[in-house]
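Please open the model in your viewer and keep the selection tool at hand. The tour below goes from one selection to the next and says what is found at each stop.

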Amino acid sequence: MYTPDNILTTTIDKAVRWSRTQSMWPVTFGLACCAIEMMAAGSAKYDLARYGMEVFRASPRQADLMIVAGRVSQKMAPVLRQVYDQMADPKWVIAMGACSSTGGMFNNYALVQGVDHIVPVDIYVPGCPPGPQSLMHGILTLHDKIMGGEINR
Amino acid sequence: MFDFWATNSEEGGWNISSTDEGSQKMLEEENEKQIKIQTGTDVIDDFVIDEDTSDDERMIVNMGPQHPSTHGVLRLQAELEGEVVRRVKPIIGYLHTGMEKTGEELNYFQGPTNTTRMDYLSPLFNELVFSLTTEKLVGIEVPDRAKNIRILMTELNRISSHLVALATGGMDIGALSMMIFGFRERELILNFFEKTTGLRMNHNYIRPGGVAADLPDGWQKDIEEILKIIPEKLQDYDDMLLDNPIWKGRLQNVGILTTEECFAYGVTGPSLRASGHSWDLRKAQPYSGIENFEFEVPVLNEGDVFARWRIKVLEIFESLKIVEQALNKMPKGPYKVQDKKITPPPRKRLDESMEALIHHFKIYTEGFKVPEGDAYVAIESPRGELGCYIVSDGSSKPYRMHVRGPSFCNLQALPVIMTDSPIADAVAAIASLDPVIGDVDR
């Protein structure tokens with residue numbers, strides 16, 4: 001049945017927030033072990049596509065979300081910042097795993113002790129590596145954060 | 001905004017000409033004589049270039065470190081002439097974690113926690129090689145059940161690792177269904193790992209003196225399910241890819257690596273066996289009682305990308321044979337050495353025995369002492385010879401720990417494979433070598 005005069009009332013804020021959460025495209029930034037779990041989250045069993053998020057973009061300019069999956073070495077840090085700077089606003093960052101959140105078990109000369117030294121982080125996902133379920137929980141928490149937050153960040 | 005890759009600091013870039021890492025210049029070409037000296041043969045001279053072509057027809061293209069098809073954070077500097085790659089230089093170190101240094105700060109009991117994170121697709125192999133080296137230094141023999149559990153778990157790990165290699169290899173070439181398939185079957189094995197070890201990856205399960213826990217109740221049923229499902233699914237992969245003209249066209253006669261080149265660069269594992277040399281450490285230097293299992297070593301002679309893909313499928317079948325035998329002849333008995341100085345007592349003994357409490361405390365705080373000396377043990381990981389060399393100064397921590405990573409040595413052959421081939425084949429070549437950057441950089 002076709003009804004041409006359906007009306008939906010909402011506020012701009014709500015519509016914008018909703019649309020941001022429903023197709024949030026991550027940039028592929030797989031670094032280490034967590035990248036494998038990130039790929040597992042995108043594949044058949046866990047299926048990130050349910051949240052409109054399976055489109056991992058190879059170009060940071062098309063992405064809204066950077067999932068830093070793995071340990072960030074001193075040598076990788078400027079590259080990571082470069083990719084973050086290339087992403088278009090608004091953009092979010094998830095630090096996936098112990099290493100990118102805090103440096104994890106590697107407290108030594110080679111690793112950046114937490115990716116929040118370089119880029120602002122919205123969600124920290126614990127685990128070594130976090131399972132796909134943990135990553136999804138992190139992503140859904142980010143959705144909640146966007147739904148409840150300001151549209152001008 | 002800084003231009004990070006600019007060579008000139010006056011233009012606002014970083015001046016790192018001392019290492020030549022960020023610049024657009026490649027290293028000077030090595031002359032033919034030097035190459036012969038380095039390799040000991042006159043087989044490899046891919047880096048020699050005709051003097052006729054002028055420099056302005058050549059273009060240097062950076063690939064990575066942030067690139068979806070470089071299997072992590074590998075960076076390649078490729079010198080192109082039109083569409084043909086003339087020279088290529090892999091730049092590594094973007095995932096350098098300092099694990100060998102960290103290994104000197106952890107005692108032998110904590111060591112597997114560190115080594116398991118090196119090659120993150122085959123964590124159990126890293127734990128096994130560290131444990132075997134430690135056991136060789138201490139001079140202990142683990143019980144038969146522990147040996148058998150180790151073989152069972154590592155061969156399952158080989159299957160899951162090869163499945164990821166097939167999946168990502170397919171994804172890189174454009175067979176996206178292969179990626180979904182490979183990860184789907186991997187979940188089966190990971191579920192078993194999670195049940196047994198508590199973690200999907202980075203298990204810390206195989207430890208010096210045995211394994212951390214016994215197999216869970218009903219493990220036979222899980223293994224039987226794996227043994228039933230995986231061969232069916234492998235048949236699906238073959239149906240999809242083996243006679244697929246696109247797949248064959250992309251892979252056959254691409255990226256050929258000869259046996260001599262493999263020897264010269266120290267390439268081991270499936271890549272060597274796909275080049276026609278039957279070398280498998282499970283047969284040549286058996287470890288952990290694998291000499292009691294019956295299996296074949298598949299060998300292919302083509303040495304191209306197709307052979308390197310095919311041999312992984314064949315090896316999964318062989319690993320399934322080993323898993324089946326391990327299932328059928330699992331011995332009863334303890335799963336770790338019954339030596340109070342090496343392995344901690346079971347939890348319930350702590351409530352009953354003062355002595356057990358003391359041993360438990362000593363092992364978890366100080367660790368056990370290892371006699372002075374050094375040892376090297378190598379095992380066959382899914383990517384080749386994985387070796388661990390430990391020097392002990394008599395304390396409870398290694399004086400020096402070095403790991404011979406198969407991915408690191410295999411990656412050296414990448415310029416040989418890629419030189420004088422089209423840029424479109426580069427991704428297929430990288431995927432076929434199956435490097436894990438965590439193992440390359442450590």
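Two strands are taken to pair if DSSP finds at least two bridges between them. With that in mind, and remembering that this is a predicted model, select the open sheet of chain A, whose four strands follow the order β1-β2-β3-β4 with parallel pairing. Its edge strands are β1 (26–27) and β4 (123–125) of chain A, each of which pairs on one side only.

Next, select β1(A) together with strand β2 (residues 65–69) of chain A, which pair in the parallel sense over two bridges; here A:V27 stands opposite A:M66 in β2(A). Add α2(A), which packs on the sheet and touches β2 and β3 (92–96) of chain A, its direction making about 130° with that of β2(A).

From there, turn to the contact between the chains, which takes 33 residues from chain A and 29 residues from chain B. On the side of chain A that touches chain B, α2 (33–42) and α3 (77–86) of chain A each supply at least two residues, and α2(A) gives the most, with six residues. That side of chain A divides into 21 nonpolar, seven polar and five charged residues.

Finally, select helices α5 (residues 144–173) and α16 (residues 426–433) of chain B, whose axes come within 9 Å and cross at roughly 180°, which makes α5(B) roughly antiparallel to α16(B). To display their contact, pick B:T168, B:G169, B:D172 and B:I173 of α5(B) and B:V427, B:A428, B:A431 and B:S432 of α16(B); the residues of this contact divide into four nonpolar, three polar and one charged.

Key: Residues numbered from 1 in each chain as written. Chains lettered and ligands numbered in written order. Predicted model: local features only at pLDDT ≥ 70, side-chain atom pairs only at ≥ 80, totals over all residues. Contact = placed C-beta atoms within 7 Å. Nonpolar A, V, L, I, M, F, W, Y, C, P; charged D, E, K, R; others polar. Axes fitted to C-alpha atoms, helices over the stretch in contact; angles between N-to-C directions. Parallel < 35°, antiparallel > 145°, perpendicular 65-115°, else oblique.
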